[in-house]
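Let's take a walk through this structure together, moving from its cysteines to its strands, its rings and its cores. Keep the model open beside you and turn it as we go.

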Amino acid sequence: NQHYAVLFPHLKRALRVGASLAEIHRLSAMHLFPQGSEEERTRWIVERRRHHRSSGAPLEIVQPDGRVIEIAEAPTPEGGFVAVYRDVTETRRAQRELAEALATLDQALNVMSDGFVVMDADDHLLLWNERYLEMFPWLRQVIGVGVSFESFVDVASRALCPDPDAAARRLAWCEIRLAQHRSGNGMFEQT
């Protein structure tokens, strides 16, 4: 279709009924490696054909202009194939920016001297810093994205009150701690 020609303008002369896949791969290799050796282009063609035959995960090809094109191919019952091509440049850029922002946030959180956690609106863990785990090492066994605050409180009660005969004391402590948390008063001291 016309969108294919927009994604791959260097292939316009090969876009005709009966054009061979070998010719399209050869022209693509020349486009992707304009200064490359014939050996380099041949290696790319061999790898591209291998991927084409495997019909596995989508393939991403970075164009000389920096665009990233994702190719998903699937065989047809008649022995041919269907391919979907899409420009994922902006998606990959956004993913890189998000990863960089998260790495920056992670670095910032881990240089803090305070323990730090972020919970979502349903009281499930989103993120934390290492200092938090240094302060509450018993939580290492349960910490992870999505863990509920109630799970934290339960594990903490068992660590702070390990006596098996202290179930009533643990339950009372959990109720107090959960009430503090739900009160909206974000500050309290635990000894």
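What you have on screen is a predicted model. A good place to begin is with the cysteines: the count of disulfides comes to zero. Why is Cys161 not bonded to Cys174? A disulfide needs two cysteine sulfur atoms within 2.5 Å. The closest cysteine sulfur to that of Cys161 belongs to Cys174, and it lies 9.5 Å away, so the two are too far from each other for a bond. Seen from the other side, Cys174 is in no disulfide either, its nearest cysteine sulfur being that of Cys161. Are these two residues buried or exposed? Cys161 has a relative accessible area of 8%, so it is buried, because anything under 20% falls in that class. Cys174 counts as buried too, at 12% relative accessibility.

Now turn to the strands. β1 (59-62) and β2 (68-75) pair in the antiparallel sense, and four bridges hold that pairing. If you would like a landmark on this pairing, look for Ile61, whose bridge partner in β2 is Ile69. The two strands make a hairpin with five residues between them, where Gly66 takes a positive phi near 95°.

From β2, the eye can move on to β3. These two strands also run antiparallel, joined by seven bridges. Here Ile71 stands opposite Tyr85 in β3. Once more there is a hairpin with five residues between the strands, and the turn holds Gly79, with a positive phi of about 100°.

Let's pause in the loop between β1 and β2, where Gln63 has its place. Is this residue, Gln63, buried or exposed? Its relative accessibility is 4%, so Gln63 counts as buried. Which residues does Gln63 touch, once those up to four places away in sequence are set aside? They are Phe8, His10, His31, Leu32 and Ile69.

Ala72 makes a useful contrast within strand β2. With a relative accessible area of 30%, Ala72 is partly exposed. Leaving aside neighbours within four places in sequence, Ala72 is in contact with Pro58, Val82, Ala83 and Val84. To get a feel for distances in the model, trace a line from Ala72 to Glu150: the C-alpha atoms are 44 Å apart in space, and the residues are 78 apart in sequence.

Next, the aromatic rings. How many aromatic pairs are there? The count comes to six. One of them joins Tyr4 and Tyr85, with ring centres 5.0 Å apart and planes at 80°, so this pair is edge-to-face. It links distant parts of the chain, since Tyr4 sits in helix α1 (residues 2-7) and Tyr85 in strand β3 (residues 81-87), 81 residues apart. Tyr4 is buried, with a relative accessible area of 15%.

Another pair, that of Tyr132 and Phe152, is stacked, with 6.3 Å from centre to centre and 25° between the planes. This pair also links distant parts of the chain: Tyr132 belongs to helix α5 (residues 130-135) and Phe152 to helix α6 (residues 149-160), 20 residues apart. Both partners are buried, Tyr132 at 12% relative accessibility and Phe152 at 2%. If you follow the ring pairs from here, you will find Tyr132, Phe136, Trp138 and Phe152 linked into a cluster.

Finally, let's look at the nonpolar cores. The largest has 15 residues, and those with the most contacts inside it are Tyr4, Phe8, Leu11, Trp44, Ile69 and Tyr85. At least two residues of this core come from each of α1, α2 (21-32), α3 (38-54) and β2. Which element gives the largest share of the core? It is α2, with four residues.

Ile69 is worth a closer look, as one of the residues with the most contacts inside this core. Not counting residues up to four places away in sequence, Ile69 touches Leu7, Phe8, Leu59, Glu60, Ile61, Gln63, Tyr85, Arg86 and Asp87. Apart from the largest core lies another one of 14 residues, among them Leu125, Phe136, Val147 and Val155. Phe136 ties this second core back to the ring cluster we met above, as it has a place there too.

Notes: Residues numbered from 1 in each chain as written. Predicted model: local features only at pLDDT ≥ 70, side-chain atom pairs only at ≥ 80, totals over all residues. Heavy atoms only, no water. Buried < 20%, exposed > 50% of the residue type's maximum accessible area, 1.4 Å probe, protein only. Contact = heavy atoms within 4.5 Å. Phe/Tyr/Trp six-rings, centres within 6.5 Å; stacked < 30°, edge-to-face > 60°. Pairing = 2+ DSSP bridges. Core = buried A, V, L, I, M, F, W, Y, C linked by side-chain atoms within 4.5 Å.
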